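Me: I'm new to this one, so please pick a single part and take a close look at it with me. Then follow it inwards, step by step, and explain the terms as you go.

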Amino acid sequence: MSDRFDIDKVQGLNLGLSAGAVAVSWLLLSPLFAVSLAAGAALGAVNFRALRRSCQAIFQSGVSGSGVAATSFGLRFGLLAVAVGFALYAGAHPVGLVIGLSLIVPSVVIAAWMARPELAPATPAPPPDDPSWDEWNPWLAREREQIDEEDQ
């Protein structure tokens with residue numbers, strides 16, 4: 001397990017998942033579907049890279065990021081919509097295009113899972129008749145808040 005989330009690992013996983021999906025779809029479905037899936041994966045990777053760069057620019061600058069973020073999101077979304085529209089106009093398979101665009105999601109989830117922190121060592125639980133159990137809220141996984149009698 002890594003001690004930090006590595007963005008290059010996400011991009012490598014995305015490349016591997018995309019290549020595997022394109023190869024399988026080429027063999028099992030059709031070349032058009034495979035090419036559409038590859039185009040969608042390329043668009044997803046470019047969009048993810050642009051998202052990463054805009055987030056870094058927002059977080060590293062000292063200005064309020066709401067206007068910059070909205071502009072960045074709008075620009076990225078508009079360019080992605082134009083690229084998807086062009087791909088569909090060129091004859092891309094819509095399902096392959098959407099699957100290719102969506103392959104970045106499992107890549108991020110897998111990379112985040114690989115970068116998870118070490119598990120805490122198990123500590124013994126108190127005995128069942130211990131009064132501390134009455135102070136614990138199992139629904140919120142924390143101690144119960146004490147309610148003053150004056151507030152009631």
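Reply: Let's start on the outside, with the nonpolar patch: helix α1 (residues 7–28) gives the most to it, with four residues. Keep in mind that this is a predicted model, where local features need pLDDT of at least 70, side-chain atom pairs count only at pLDDT 80 or more, and totals for chains, interfaces and linings use all residues. Numbering starts from 1 along each chain as its sequence is written, and side-chain values use heavy atoms, with hydrogens and water left out.

The patch members are Val24, Trp26, Leu27, Leu28, Leu29 and Val35, and together they make about 690 Å² of nonpolar surface. (Patch residues have over 30% relative accessible area and no salt bridge; nonpolar side chains, meaning Val, Leu, Ile, Met, Phe, Trp and Tyr, are joined within 5 Å, like charges within 9 Å. A salt bridge puts a Lys or Arg side-chain nitrogen within 4 Å of an Asp or Glu carboxyl oxygen. Areas are Shrake-Rupley values with a 1.4 Å probe, and for residues only the protein chains shown count as cover.)

Look at Leu29, one of the patch residues. Leucine 29 sits in the loop between α1 and α2. (Helices, H or I with at least four residues, and strands, E with at least two, are DSSP runs numbered from the N terminus.) Leucine 29 counts as exposed because its relative accessible area is 56%. (Buried is under 20%, exposed over 50%, partly exposed in between, with a 1.4 Å probe and protein chains only.)

Now go to serine 25, which is also in helix α1. Serine 25 is buried, because only 4% is left as its relative accessible area. Setting aside neighbours within four places in sequence, serine 25 is in contact with Ser30, Phe33, Ala34 and Leu37. (Contact means heavy atoms within 4.5 Å.) Take Leu37: this leucine is twelve residues from serine 25 in sequence, yet the C-alpha atoms of the pair are 8.3 Å apart in space.

Alanine 34, another contact of serine 25, belongs to helix α2. With 1% relative accessibility, alanine 34 is buried. Leaving out neighbours within four places, alanine 34 touches Val22 and Trp26 as well as Ser25. Trp26 is one of the patch residues too, so here's a link from the surface to a buried alanine, which counts as buried because of that 1%. Alanine 34 also leads you across the sequence: glycine 96 is 62 residues away from it, but 6.9 Å away in space, C-alpha to C-alpha.

Two places along from there is serine 36, in helix α2 (residues 31–60). Serine 36 is buried as well, at 2% relative accessible area. Beyond residues up to four places away, serine 36 touches Ala92, His93, Gly96 and Leu97. Gly96 and Leu97 turn up again among the buried residues of α4, along with Gly100. Down the axis of α4, those buried residues fall within an arc of 100°, so they line one face of the helix. (The arc is that of the directions from the helix axis to the C-beta atoms.)

Helix α5 (residues 104–114) has a buried side too, with Ile104, Ser107 and Ala111. Here the arc is 60°, so these residues also line one face. On the face turned away from that buried side you'll find the exposed Val105, Val109 and Trp113. The cover over the buried residues of α5 includes α1, α2 and α4.

That brings you back to α1, where asparagine 14 is found. Asparagine 14 is buried at 5% relative accessible area, and beyond four places in sequence it touches Ala41, Ala45, Leu103, Ile104 and Ser107.

Stepping back, the protein has five helices and two strands, running α-α-α-α-α-β-β along the sequence. Of its 152 residues, 20% count as buried. Among contacts with a separation of 6 or more, 67% join residues 24 or more positions apart. The accessible surface is about 11100 Å², with 67% of it on carbon and sulfur atoms.

How far should you trust all this? Mean pLDDT is 81, and 87% of residues reach 70 or more. (pLDDT is the predictor's confidence in each residue, from 0 to 100.) Among the elements, helix α4 (residues 94–102) has the highest mean, 89, and strand β1 (residues 136–137) the lowest, 78.
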